[in-house]
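Please look over the sequence and the structure shown below. The paragraphs after them go through a few places in turn.

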Amino acid sequence: MNPAPGANTRRATPPQARRFNRISSRIIAALFMLAGASAADYVSASEPVAQPNAARRSELINLVRQDCGSCHGLTLKGGLGPALLPQALQDKPADSLKATILQGRPGTAMPPWQRFMNEAEAEWIVTNLQKGFPSD
Ligand code: HEC
């Protein structure tokens with residue numbers, strides 16, 4: 001269909017350009033989605049393999065001594081929560097202790113800690129609780 005003479009001057013963008021804009025905005029939207037997805041993948045896929053470095057280890061020690069200690073006792077001998085000493089934990093499966101730390105125990109006072117540490121860090125805490133937690 002041909003526009004009436006003069007109608008063209010009222011058209012701000014020619015059809016090809018509008019089609020291009022539509023396509024390019026879809027590409028941009030797709031790129032944003034991809035970027036979002038890969039950022040999320042990065043967090044969940046790469047964190048568990050990273051071992052805590054020395055600085056992070058000392059943060060984790062403080063966290064366990066202070067935050068966990070507020071329930072499990074400052075010397076981890078138990079309080080509101082059970083003892084977290086080697087005698088108490090040695091024979092328990094590390095995976096389930098790690099899950100307890102990350103997810104908490106619903107219906108008990110034990111809260112989930114996954115917002116504050118990744119899997120490798122929870123694993124590091126379990127390993128160290130089982131063999132005797134460092135004091136600093
Ligand atoms: C608000 C209190 C509270 C805090 C803070 C807390 N816990 Fe607990 N935790 C508990 C309680 C209560 C239980 C026992 C849950 C049950 O009855 O099964 C528990 C259970 C556990 C267990 C399982 C012990 C076992 O013998 O099976 C582990 C491991 C543990 N906590 C580690 C931690 C760590 C590590 C932290 C800090 C990162 C922490 N908890 C912080 C209250 C707490």
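**A walk through the model**

Leu76 is buried, because 22 other C-beta atoms lie within 10 Å of its own, and the cut-off for a buried residue is 20 or more. The model in which this is seen is a predicted one. Leu76 sits in the loop between H2 and H3. Its phi is positive, near 65°, although Leu76 is not a glycine. Most residues other than glycine have a negative phi.

The helix before that loop is H2, which covers residues 54-72. H2 has a kink of about 30°, and the kink is centred on Leu63. Three residues of H2 are buried: Leu60, Cys68 and His72. Helix H5 (119-131) is part of what covers them. Right after H2 comes Gly73, and its phi is also positive, near 95°.

Leu76 also belongs to the largest nonpolar core, which has 11 residues in all. Among the other members are Leu60 and Cys68, together with Leu84, Ile101 and Phe133. Two elements, H2 and H5, each give two or more residues to this core. H5 gives the most, with 4 residues. One of the core residues is Leu129. Leaving out residues up to four places away in sequence, Leu129 touches Leu84 and Leu89.

Next comes the ligand. Which residues come nearest to the ligand? Of the 24 residues around it, they are Cys68, Cys71, Gly81, Thr108 and Met110. The elements that give two or more residues to this shell are H2, helix H3 (86-89) and H4. H2 gives the most to the shell, with 7 residues. Cys68 thus appears twice in this account, as a member of the nonpolar core and as one of the residues that come nearest to the ligand. Sorted by class, the shell has 16 nonpolar, 5 polar and 3 charged residues.

The last stop is helix H4, residues 94-103, where Thr100 is found. Is Thr100 buried, exposed or partly exposed? Thr100 is partly exposed, because 17 other C-beta atoms lie within 10 Å, and a residue in this class has a count between the 12 or fewer of an exposed residue and the 20 or more of a buried one. Leaving aside neighbours within four places in sequence, Thr100 is in contact with Arg105 and Met110. Met110 is also one of the residues that come nearest to the ligand. Pro111 lies 11 residues from Thr100 in sequence, and the two are 8.6 Å apart in space, C-alpha to C-alpha.

Terms used: Residues numbered from 1 in each chain as written. Predicted model: local features only at pLDDT ≥ 70, side-chain atom pairs only at ≥ 80, totals over all residues. Bend = angle between axes of the 7 residues up to and from the residue. Contact = placed C-beta atoms within 7 Å. Near = placed C-beta within 6 Å. Nonpolar A, V, L, I, M, F, W, Y, C, P; charged D, E, K, R; others polar. Core = buried A, V, L, I, M, F, W, Y, C linked by C-beta atoms within 7 Å.
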